Amino acid sequence: MQYTITRLSSEDKTSSDIAKALSDNRPATYKLEHYSLSGVGAVPRDLLAFGGVEWEDVIVTSWPHSVEAPFGVFPVLHIRTADGTEFKIAESFVIEHFLAKKFGLLGDNEWEELQIKMFHSSSLYLRERSLTGVTWNYKDKVEEATERFITKTLPLWIDTHTKHLKDNGSNGHYVGNKLSLADIQTANDIDHFQFVYRGDEIIEKIKKSDEIWRVKERVDTDPRLREWRQSEGYKNHIAASKSIYANTGI
């Protein structure tokens, strides 16, 4: 397999040039490249929809792809600022933090931002443990790995998140009384688990936490996210995810 190593910005742009372009408050345009799946592409898509910005959902259909990707993986976020400066960001974690900050989803102060990032990270890695430990495990190990995930990994996540959400007033948000990156990540985790092996058991366990389920309800009823999730593009991603994640094991 051939990978193309690519620059994150054009050779004629310095770090100072890009920093200046990023500080421009005028609207930028975005292009997100990823496969037609949930997983690591779902949260960046939700963030772009929430931000109400001009963005293009570019579906990667084969690999190697005709468009160069830093590190040889997706998603990749392409950004064009108002002054015409173009650059790209790789790695979903970085993309999500960047967009969340841009769209006011990292709280109102440093302590709120730290809490949001902690719970975002916790939920993100819960999904990754499911993917790497179960979905892409060897077929003869899937049952054992799934049982361990459901009985060990998942309960700890539920307990710790439920306690924090109760401490925040059981209002469907991780911090304060407004939507954040942590809320969107948790809601996407729940959506993702609907597609995986024994997903019905996972969902039933999560549903027993009123606090966590209320987070999903808050995200699902946000007007901008609801509009995106009713779109043809979103429905196509869901259909593809159901097909891919049904084939557990390698």
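**Note on the pocket, cavity and sheet of a predicted model**

1. The lining of the largest pocket takes at least three residues from domain 1 (15-103) and at least three from domain 2 (110-222). The structure is a predicted model, and every value in this note should be read with that in mind. The space in this pocket comes to about 490 Å³.

2. Which residues are the closest to the centre of the largest pocket? Of the 23 residues that line the pocket, those closest to its centre are H34, V40, F74, P75 and E128. Among these, H34 belongs to strand β1, which covers residues 29-34, while P75 is placed in the loop between β2 and β3 (76-80).

3. Taken by element, two or more residues of the pocket lining come from each of α3 (92-102), α4 (110-135) and α10 (232-245). The element that gives the most is α4, with five residues. Taken by class, the same lining has 15 nonpolar residues, together with five polar and three charged ones.

4. One backbone feature deserves a look while the pocket is on the screen: F74 and P75 are joined by a cis peptide bond, with omega at about 10°. Both of these residues are among those closest to the centre of the largest pocket, and P75 itself sits in the loop between β2 and β3.

5. Apart from the pocket, the structure holds one cavity of 30 Å³ or more, and the volume of the largest cavity is about 110 Å³. It is lined by 13 residues, of which S38, A42, N188, Y234 and I238 are the closest to its centre. As a general point, rolling a probe the size of a water molecule over the atoms shows where empty space is left.

6. Which element gives the most to the lining of the largest cavity? That element is α10, with four residues, and at least two residues are supplied by each of α2 (42-51), α6 (181-193) and α10. Helix α10 is also one of the elements that give two or more residues to the lining of the largest pocket. The cavity lining divides into five nonpolar, five polar and three charged residues, and it draws at least three residues from each of domain 1 and domain 2.

7. Turning to the strands, an open sheet of four has the order β2-β1-β3-β4, and its pairing is mixed. The edges are formed by β2 (54-59) and β4 (86-90), each of which pairs on one side only. On average, and with direction ignored, neighbouring strands of this sheet are turned by 20° against each other.

8. Within that sheet, strands β1 and β2 run parallel and are joined by six bridges. A convenient place to inspect this pairing is L32, which stands opposite D57 in β2.

9. Strand β1 also takes part in an aromatic contact, one of eight aromatic pairs that the structure holds. The ring centres of Y30 and F103 are 6.4 Å apart and the ring planes meet at 75°, so this pair is edge-to-face. Because Y30 lies in strand β1 and F103 in the loop between α3 and α4, the pair ties together parts that are 73 residues apart in sequence.

10. A last point concerns E91, which has a positive phi of about 75° although it is not a glycine. Where is E91 found? Its place is the loop between β4 and α3, where β4 is an edge strand of the sheet and α3 is one of the elements that give two or more residues to the lining of the largest pocket.

Technical notes: Residues are numbered from 1 along each chain as its sequence is written. This is a predicted model: local features need pLDDT of at least 70, side-chain atom pairs count only at pLDDT 80 or more; totals for chains, interfaces and linings use all residues. Side-chain values use heavy atoms; hydrogens and water are left out. Two strands pair if DSSP finds at least two bridges between them. Axes are lines fitted to C-alpha atoms, for helices over the stretch in contact, and angles run from 0 to 180 degrees between N-to-C directions. On a 1 Å grid over the protein atoms alone, a cavity is a set of points where a 1.4 Å probe fits but cannot get out, and a pocket is an open set with protein on both sides within 12 Å along at least five of seven lines; lining residues have an atom within 4 Å of a point. Grid points are joined across faces, edges and corners, and a volume is the space filled by probe spheres set on the points. Ala, Val, Leu, Ile, Met, Phe, Trp, Tyr, Cys and Pro count as nonpolar, Asp, Glu, Lys and Arg as charged, and the others, Gly among them, as polar. Domain bounds come from an automatic or database domain assignment. Rings of Phe, Tyr and Trp (its six-membered ring) pair if their centres lie within 6.5 Å; planes under 30 degrees apart count as stacked, over 60 as edge-to-face and the rest as tilted.
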